[in-house]
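Colleague: Could you walk me through one part of this model in some detail? I'd like the five-stranded sheet, what packs around it, and where it sits in the whole chain.

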Amino acid sequence: MTLKLLAAGLARMQLNQQNSLWSTPSPLTDSVGLPAAWNVGVTRLWWRALERGQRELVGHMEAFGWCRTPLGEWPIELDIRESDADLMLIENGRPSAFADQAARLAPAKDPEAELIENRCYEFLILTAERNAAGEKEVQDNYVALRGFLIANPLVSDLQFHSLIRRFGVKDRNGQPWVKEWFLRCYRPRQASGVVHVAVCGDCGNPLASNSTGCGTPGCDGLPTARMVEAMGEYYVQRQAVRRYFHDPGLAEQRILDALSPVLRDRLYPWWCMDAVDAAIDFGGTGRMGEGEWWAADVKDHASAALLGQSFRWDARANAQCRFLVLAQHRFDRPEYVNDLTREMEGRTQGVRVVSEEAFIELACARARECR
Ligand SMILES: [Zn+2]
């Protein structure tokens, strides 16, 4: 709980200074006082210290410093799972992916922090619906737009315009729906002519000027320069979109890419607009719940404990075989799977926890049997 509150406080601090994309959250630059969640979090740390007989007061700057060190090394003992011990709340000067996840589970959720993510999702669905004539087309559009966010952390205005050509339906004010969605997901950067942007060679995320690695969980790509031709602007994915759609989407996309040549039209990416990330109709019935269907929810969460607490199977995905598929780099971490299953105990019966690679193997093997 203390960590969730501190994480929510950090998220708030960052929002308060979000004028710059790469801003570093700091309690010093905030003139209007510290976020309530942060204050409660620090107070709880202070009580914890008193309980353990530590006399020194825990100050804000001190607590802030701890956020940059792994949880396992905090001078105050925290009630955390072993696999969480090397996680940090601040990484590269920004709230980490773990902090983002924890903040979302904090009791007083920050409505603004979720705004970008939710609005992006809402407009994704609207764009998919308004540009479709039937249910199947809605889903096809959804898959195309969802895939776009994963493939494109950086977008040239040429790409943006071809997106508008493909999804041309306009709203009452004469704006294409896809444009509204797009500008909620991407931030424009002024540029003209050919620009070279430093990006990760693997995941494609733009790199901050001072960064050493790419920072995307599970990615160890090397820096490279991407050439973008811009007429006036190019576009960079917003932080929240990157965290909730792009980065975790990489594992989803790897799985879909591996399975689609084998399963072809038996594979349903992001079935039912994301009720599950992958559904497979081995029996060829065309209806989930009839015949042999597999469904997989793919997760790439920093903390196994938090994933276990928040995981729910979407009831719409009434498949015979259900999988919680973990991104390989999470699955391979010591104690991660143990901590996850301990946390989920009894609440998600019938859901098998497997790694990304194991799921691909199982599905391919089953496809060979069915042939
Ligand atoms: Zn990368």
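Modeller: Here is the sheet first, then its surroundings, then the rest of the chain.

A quick word on ground rules: this is a predicted model, so local features need pLDDT of at least 70 and side-chain atom pairs count only at pLDDT 80 or more, while totals for chains, interfaces and linings use all residues. Residues are numbered from 1 along each chain as its sequence is written.

The sheet you asked about is open and has five strands in the order β8-β9-β10-β11-β12, with mixed pairing. Strands here are DSSP runs of E with at least two residues, helices are runs of H or I with at least four, and both are numbered from the N terminus. Two strands pair if DSSP finds at least two bridges between them. At the edges you find β8 (267–269) and β12 (351–355), each of which pairs on one side only. From one strand to the next the twist averages 25 degrees; axes are lines fitted to C-alpha atoms, for helices over the stretch in contact, and angles run from 0 to 180 degrees between N-to-C directions.

Let's start at the β8 end. β8 pairs with β9 (residues 278–281) in the antiparallel sense, over three bridges. Within that pairing, tyrosine 268 has alanine 279 of β9 as its bridge partner. Further in, β10 and β11 run parallel and are joined by six bridges. There, tryptophan 294 has cysteine 321 in β11 as its bridge partner. β11 is mostly covered, with five of its six residues buried. "Buried" means that 20 or more other C-beta atoms lie within 10 Å of the residue's own; 12 or fewer makes it exposed, anything in between partly exposed, and C-beta atoms are placed from the backbone.

Now the packing. Helix α14 (residues 356–370) lies across β9, β10 (293–299), β11 (321–326) and β12, running at about 110 degrees to β12. For contacts, the rule is C-beta atoms, placed from the backbone, within 7 Å. Alanine 279 is a good place to zoom in: leaving aside neighbours within four places in sequence, its contacts are Tyr268, Trp271, Met288, Trp293, Trp294, Ala295, Ala317 and Ala319.

That alanine also turns up in the largest nonpolar core, which has 59 residues; Ala278, Ala279, Trp294, Ala295 and Ala296 touch the most other members. A core in this sense is a set of buried Ala, Val, Leu, Ile, Met, Phe, Trp, Tyr and Cys residues joined through C-beta atoms within 7 Å. Helix α9 (residues 239–263) gives the most to this core, with ten residues. Domain 2 (114–237) and domain 3 (247–370) both contribute residues, so the core lies between them. There's a second, separate core of 32 residues, including Val42, Ala304, Leu307 and Leu340.

One backbone oddity is worth a look in helix α10 (residues 271–274), where cysteine 272 lies. Phi of cysteine 272 is near 55 degrees, a positive value in a residue other than glycine. Methionine 273 lies in α10 too, and has a positive phi of about 45 degrees although it is not a glycine. Cysteine 272 counts as partly exposed, with 15 C-beta neighbours inside 10 Å. Methionine 273 is also partly exposed, with 17 other C-beta atoms within 10 Å.

Stepping back, the assignment, automatic or from a database, splits the chain into domain 1 (2–109), domain 2 (114–237) and domain 3 (247–370). The C-alpha centres of domain 1 and domain 3 lie 32 Å apart, and their contact takes eleven residues from domain 1 and 13 residues from domain 3.

Overall, the chain has 14 helices and twelve strands. Its radius of gyration, taken over C-alpha atoms, is 22 Å, close to the 21 Å that the globule rule (2.2 Å times the number of residues to the power 0.38) gives for 371 residues, so the chain is as compact as a globular protein of that length. Of those 371 residues, 38% count as buried. Among contacts with a separation of 6 or more, 67% come from residues 24 or more positions apart.

Notes: Two residues are in contact if their C-beta atoms, placed from the backbone, lie within 7 Å.
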